[in-house]
Amino acid sequence: MCAVTQLHQIGAKPGGWGGHATLFINGAEIDPGASYPRLRLVADGADLSDPDSGVGISVNKIFDNVTWVAIPGRDEFFRGGLAAEQPLTRDFYDAAIQKATAAGWFRGIGIKDPVMRQRPSAISSEEFVVRHSVGTDFALNFARTAYSARLPMNRDAIGKVIAYLNGANESAQKSGYTWNMYTNNCSHVAHNALAAAGVWDPKVARGPGAMNVARDVLSVARALALSQMSDFSFPANSFVRLYEAGNGRPIDDALAAFRNHDVRRTMGDGWITTGPGALIASYPIHDPTRNQMFAPGRDPFLFSVPMLWDKANTYTMLTRDAPPFVTDLAANLAHYRKRYATTLASQRSLKDELATLSGNEDEEEFRIFYGRFYAYIADELKRTDTRLAQSRRLAS
């Protein structure tokens, strides 16, 4: 998941203060037989290390008959085919629009009537959609910096993400897509796609209107009081939450893990979100000294409550001074190798753990969880040892 900065085209008014949220899914590909954007799993055993594998997913508030568009490959999604040393000129910008139009990535996508009525007669409808999407739905780094939180998933989990996204576009084909800044935005779609894989609880995506905004405000207050997740959704907050899901959940003893309902949910499917490979990466806006089209925009808005629900310090750390264990794979593997080994070395007996269960916790359910949890940690330790050895061989 990426949280991206504000869009600010030179000579124009800056874009929304909330920024933007996108997904990049390695293991998915565009379904070429569909008349509107749909995804499918890549063939089992496909090489996912290819730099052009995967698809970027972006929601745009101007879309009418779909919720999201899919762009193939990291280079097109983030860089728009622009090399770091090249200048972003008007000619290259226009060429990127023509390339995206010819590629058919936006074929079958309709946009809201008030926007479409602004289309000059000399520009085709599809090119007009692309011109409103560059820097937001593809070629993100023409205009924005993208802060990315990565989360490794197995094939089954990716399949659930794809199914959710396809369902969202199927629904929009039937009844349209209604975007709302607070109650149904790009972060809701990305969040709920990951929720479909069990990463966290889903959010309620509501329609427009003051009553629905009020319901979201109440959900925020309730979430703060109960230390749960609210229905308010902002790109920067979603970025921090995915980092926390990938690195901050309890995997150090069985009882703490059992008491975390997110861990229990994914453990039932045979995995835990916190583990090796949950890295942070930044894809910066094209160098302003070589960028004739866009100026750097502000960071996306972050909702944070100091002393109660403080996400600001975490966001600043991740985007300005992230530690090596979340930016470097070798350091990340070493970190989790140590963490897994410590978990196994400090394992308490099932009898001792059962003695600390509270009255409302199911003993038989915990017995099953206990066995699965420590078997999973042992397997992950072996897998991490193998990956560390491979990493060291490649580095030598």
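Mentor: Contact means heavy atoms within 4.5 Å, while helices (H or I, at least four residues) and strands (E, at least two) are DSSP runs numbered from the N terminus. This is a predicted model, where local features need pLDDT of at least 70, side-chain atom pairs count only at pLDDT 80 or more, and totals for chains, interfaces and linings use all residues. Residues are numbered from 1 along each chain as its sequence is written, and side-chain values use heavy atoms, with hydrogens and water left out.

Trainee: Which strands are the edge strands of the open sheet?

Mentor: Six strands line up as β6-β5-β2-β1-β7-β8, with antiparallel pairing; two strands pair if DSSP finds at least two bridges between them. The twist averages 25° from one strand to the next. The strands that pair on one side only are β6 and β8 (280-283).

Trainee: In β8, which residue is the bridge partner of Tyr 147?

Mentor: Strand β7 (residues 146-149) is joined to β8 by 4 bridges, and the two run antiparallel. Opposite Tyr 147, the β8 partner is Ser 282.

Trainee: And at the other edge, which residue of β6 stands opposite Ser 58?

Mentor: Strand β5 (residues 55-59) runs antiparallel to β6, with 5 bridges between them. Strand β6 (residues 68-72) is mostly covered, as 4 of its 5 residues are buried, buried being under 20% relative accessible area, exposed over 50% and partly exposed in between (1.4 Å probe, protein chains only). Facing Ser 58 in β6 is Val 69.

Trainee: At about what angle does α6 run to β6?

Mentor: Axes are lines fitted to C-alpha atoms, for helices over the stretch in contact, with angles from 0 to 180 degrees between N-to-C directions. Helix α7 (residues 186-195) lies across β2 and β5, at about 35° to β2. Helix α6 lies across β2 (20-25), β5 and β6, and its angle to β6 is about 130°.

Trainee: Which helix gives the most to the largest nonpolar core?

Mentor: Such a core is a set of buried Ala, Val, Leu, Ile, Met, Phe, Trp, Tyr and Cys residues joined through side-chain atoms within 4.5 Å. Of its 102 residues, Phe 63 and Phe 106 touch the most other members. With 8 residues, the top contributor is helix α15 (residues 363-395).

Trainee: How far apart are the end C-alpha atoms of α9?

Mentor: Helix α9 is mostly covered, with 12 of its 13 residues buried, among them Phe 239, Arg 241 and Tyr 243. Its expected span is 1.5 Å times one less than its number of residues, so 13 residues (235-247) should cover 18 Å. The end C-alpha atoms agree with that, at 19 Å.

Trainee: How many residues separate Glu 170 and Arg 38?

Mentor: They form a salt bridge with closest N and O atoms 2.5 Å apart; the cut-off is a side-chain nitrogen of Lys or Arg within 4 Å of a carboxyl oxygen of Asp or Glu. Glu 170 is partly exposed at 33% relative accessibility, and Arg 38 is partly exposed at 21%. Glu 170 sits in helix α6 (residues 155-175) and Arg 38 in the loop between β3 (28-30) and β4 (39-41), so this pair links distant parts of the chain, with a separation of 132 residues.

Trainee: Is Glu 353 buried or exposed?

Mentor: Its side chain meets that of Arg 348 in a salt bridge (3.1 Å, N to O). Arg 348 is partly exposed at 37% relative accessibility. With a relative accessible area of 2%, Glu 353 is buried.
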